[in-house]
Amino acid sequence: MVAQVRCFERFLELAERERSLPAGSVLFRMDDPVLSLFLVTAGELRLVRALPDGFQLTLQRAGSTSILAEASLFADRYHCDALAAEASMVRAVPITRARAVLESDRALASALLRHLAGEVHRTRTRAEMLSLKSVAARVSAWMACNGGVLPPKGRWHHVASEIAVTPEAFYRELARQR
């Protein structure tokens, strides 16, 4: 967490513009060119990928003081869509500036490496969760990883997307477990 805060604060110093996003709005789409590194200063954004069956899989949930789509630092195009889960604010760092500073600031590069290692750990935990066969097992695993705390009821469909089940299956399982 310290590495994430260090990266966020240092990149925030480099940000040139702020953008307000209403709930449900799109920050960028898959295949858009990477022009900026985005920092979430308020609200929550999600990186989602549309699957062939029309289902949306959440790949990252970025809340306040998060770096959104860190891998975009090393890509030419975004690999998924970024959607505002709620009214949000982001700050943009020009990607060329972010890359240049990473080349010259060893402390930032080291903090980014620690932050990315934490992201790999969280991603592996999610992969374990997604490998579980039943909705019940996935819901239980999500609850265990999130301290048993659900988001507000109107946002439960986001949890369903994170664990790759339909909202209906998620709601049924929650009702069964209560």
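Here is a walk through the structure above, from its helices to its cores and its pockets. Keep in mind that this is a predicted model.

Let's start with helix H2, which runs over residues 95–104. Which residues of H2 are buried? They are Ile95, Ala98, Val101 and Leu102. These four cover an arc of only 130° around the axis, so they end up on the same side of H2. Turn to the other side of H2 and you find Thr96, Glu103 and Ser104, which are exposed. There's a handy rule behind this kind of pattern. An α-helix has 3.6 residues a turn, so residues three or four places apart point the same way.

Now try the same reading on helix H6, residues 167–177. The buried residues here are Ala169, Phe170, Glu173 and Leu174. Why do they share a side of H6? Because they cover an arc of only 135° around the axis. Arg172, Ala175 and Arg176 are exposed on the other side of H6. And what do the buried residues of H6 pack against? Their partners are H4 and H5.

Next, look inside. The largest nonpolar core has 34 residues. Phe11, Leu27, Phe28 and Leu68 are the ones with the most contacts inside this core. Take Leu68 and set aside its neighbours within four places in sequence: Leu68 is still in contact with a list of residues that includes Leu27, Phe28, Leu37, Phe38, Val40 and Ala82. Gln60 is on that list too. There is also a second, separate core of 13 residues, with Met129, Met143, Val159 and Leu174 among them. You've met Leu174 already, as one of the buried residues of H6.

Let's pause on a single residue, Ser88, in strand E8 (residues 88–94). Is Ser88 buried or exposed? Its relative accessibility is 3%, so Ser88 counts as buried; the cut-off for buried is under 20%. Not counting residues up to four places away in sequence, Ser88 touches Arg19, Ser20, Leu21, Ala42, Gly43, Glu44 and Leu45. You can also compare sequence with space: Ser88 and Arg155 are 67 residues apart along the chain and 15 Å apart in space, C-alpha to C-alpha.

Finally, the gaps. Rolling a probe the size of a water molecule over the atoms shows where empty space is left. The largest pocket has a volume of about 1000 Å³. How many residues line the largest pocket? There are 42, and Leu59, Gln60, Arg61, Glu119 and Thr123 lie nearest its centre. So Gln60 turns up both here and among the contacts of Leu68. Several elements each supply at least two residues of this lining, including helix H1 (2–14), strand E5 (56–63) and helix H3 (106–131). H3 gives the largest share, 11 residues. By class, the lining has 20 nonpolar, 14 polar and 8 charged residues.

The second largest pocket holds about 170 Å³ of space. Among the residues that line this second pocket are Ala23, Gly24, Arg46, His157, His158 and Ser161. E4, E5, strand E7 (81–84) and helix H5 (156–162) each give two or more residues to the lining. Which element gives the largest share of this lining? That is H5, with 3 residues. By class, the lining of the second largest pocket has 5 nonpolar, 6 polar and 1 charged residues.

Definitions and conventions. Residues numbered from 1 in each chain as written. Predicted model: local features only at pLDDT ≥ 70, side-chain atom pairs only at ≥ 80, totals over all residues. Heavy atoms only, no water. Buried < 20%, exposed > 50% of the residue type's maximum accessible area, 1.4 Å probe, protein only. Arc of directions from axis to C-beta. Core = buried A, V, L, I, M, F, W, Y, C linked by side-chain atoms within 4.5 Å. Contact = heavy atoms within 4.5 Å. 1 Å grid on protein atoms, 1.4 Å probe; cavity = no way out; pocket = protein on both sides within 12 Å on 5 of 7 lines; lining within 4 Å. Points joined across faces, edges and corners; volume = space filled by probe spheres on them. Nonpolar A, V, L, I, M, F, W, Y, C, P; charged D, E, K, R; others polar.
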